[in-house]
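Visitor: I should like to learn how to read individual features of a structural model. May we take them one at a time?

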Amino acid sequence: MKRRLSIKIRVSFFALLMLVALILSGSGISLAALVAAVLHELGHILAAKMLNTHLGELKLGIFGASLSIDSAVTSYKNEIAVAIAGPLTNLLCALLIYCTVGIEDRFFEAFFVCSLFLALLNLLPISDLDGGRILLCALSLFLPCYTANKLLRICSFVFVFSLWCLSVYLLLRLGASLSLFVFSASLFCKIFLKSN
């Protein structure tokens, strides 16, 4: 008997405000980023459906979307496949746009860049990102969970700190990348201050 795909969806107040701001801005970049993010999450959901993996809930917050998997029911290999499906969807969409329509149009150029950025960012081995889930599951195949979690925490610190250093350099050198600075500082607080 096939199980029906049901996902609980929780939307934070700040996510609603951000969505309204994106819609009201009328910017093609904002719409392209929203479409890339929706396709990213649909990639995860489709992979979970194909692997018959039970999804818990989809949380939409100020840091984007977070899709939880019932890890008691799925294997590490299935969780890796579901985690990689979102970034892979973004990469395939970017490739499809580049090869078919091209990036001369402003919307398609923005969609191409947003899709690539979202895929590459999510593949970073940082806790709470797809790359972190992939690394944790891959390590857990060979190491005890405690050791895998410690290694992920170290790796997350190195990559978040590197992102922050890059953002500070770009801010000082070019006067740009305030959003990267805020993102990396917020990610650091979310990951490392939540457990203390």
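Visitor: Is Val182 buried, exposed or partly exposed, and what is its relative accessible area?

Guide: The model is a predicted one. The class follows from relative accessible area: under 20% is buried and over 50% is exposed, with partly exposed in between. Val182 has a value of 43%, so it is partly exposed. The residue belongs to helix α7, which covers residues 178-192.

Visitor: What separation is found between the C-alpha atoms of Val182 and Ser167?

Guide: These C-alpha atoms are 8.7 Å from each other, while the two residues are 15 residues apart along the chain.

Visitor: How should I read a residue at the other end of the scale, such as Ser156?

Guide: The relative accessible area of Ser156 is 0%, so this residue is buried. Ser156 is placed in helix α6, residues 145-174. Once neighbours within four places in sequence are set aside, its contacts are Pro125, Ile126, Ser127 and Phe192.

Visitor: How many residues of α5 are buried?

Guide: Burial can also be read over a whole helix. In α5, eight of the 11 residues are buried, and therefore the helix is largely enclosed by the rest of the structure. Among them are Asp130, Gly131, Gly132 and Arg133, as well as Ile134 and Cys137. Leu139 and Ser140 are also buried residues of α5.

Visitor: What is notable about the phi of Asp128?

Guide: The general idea is that most residues other than glycine have a negative phi. Asp128 is not glycine, yet its phi is positive, near 80 degrees. Asp128 sits in the loop between α4 (106-122) and α5 (130-140). With a relative accessible area of 40%, Asp128 is partly exposed.

Visitor: How many aromatic pairs are there?

Guide: Two rings are paired if their centres lie within 6.5 Å, and planes over 60 degrees apart make the pair edge-to-face. The count by this rule is seven aromatic pairs. For Phe107 and Phe108, the ring centres are 5.6 Å apart and the planes stand at 70 degrees, so this pair is edge-to-face.

Visitor: Are Phe107 and Phe108 buried or exposed?

Guide: Each falls in the class between those two. Phe107 is partly exposed at 26% relative accessibility, and Phe108 is partly exposed at 25%.

Visitor: Which residues do ring pairs link into a cluster?

Guide: The cluster linked by ring pairs consists of Phe157, Phe161, Trp164, Phe181 and Phe188.

Technical notes: Residues are numbered from 1 along each chain as its sequence is written. This is a predicted model: local features need pLDDT of at least 70, side-chain atom pairs count only at pLDDT 80 or more; totals for chains, interfaces and linings use all residues. Side-chain values use heavy atoms; hydrogens and water are left out. Rings of Phe, Tyr and Trp (its six-membered ring) pair if their centres lie within 6.5 Å; planes under 30 degrees apart count as stacked, over 60 as edge-to-face and the rest as tilted. Buried means under 20% relative accessible area, exposed over 50%, partly exposed in between (1.4 Å probe, protein chains only). Helices (H or I, at least four residues) and strands (E, at least two) are DSSP runs, numbered from the N terminus. Contact means heavy atoms within 4.5 Å.
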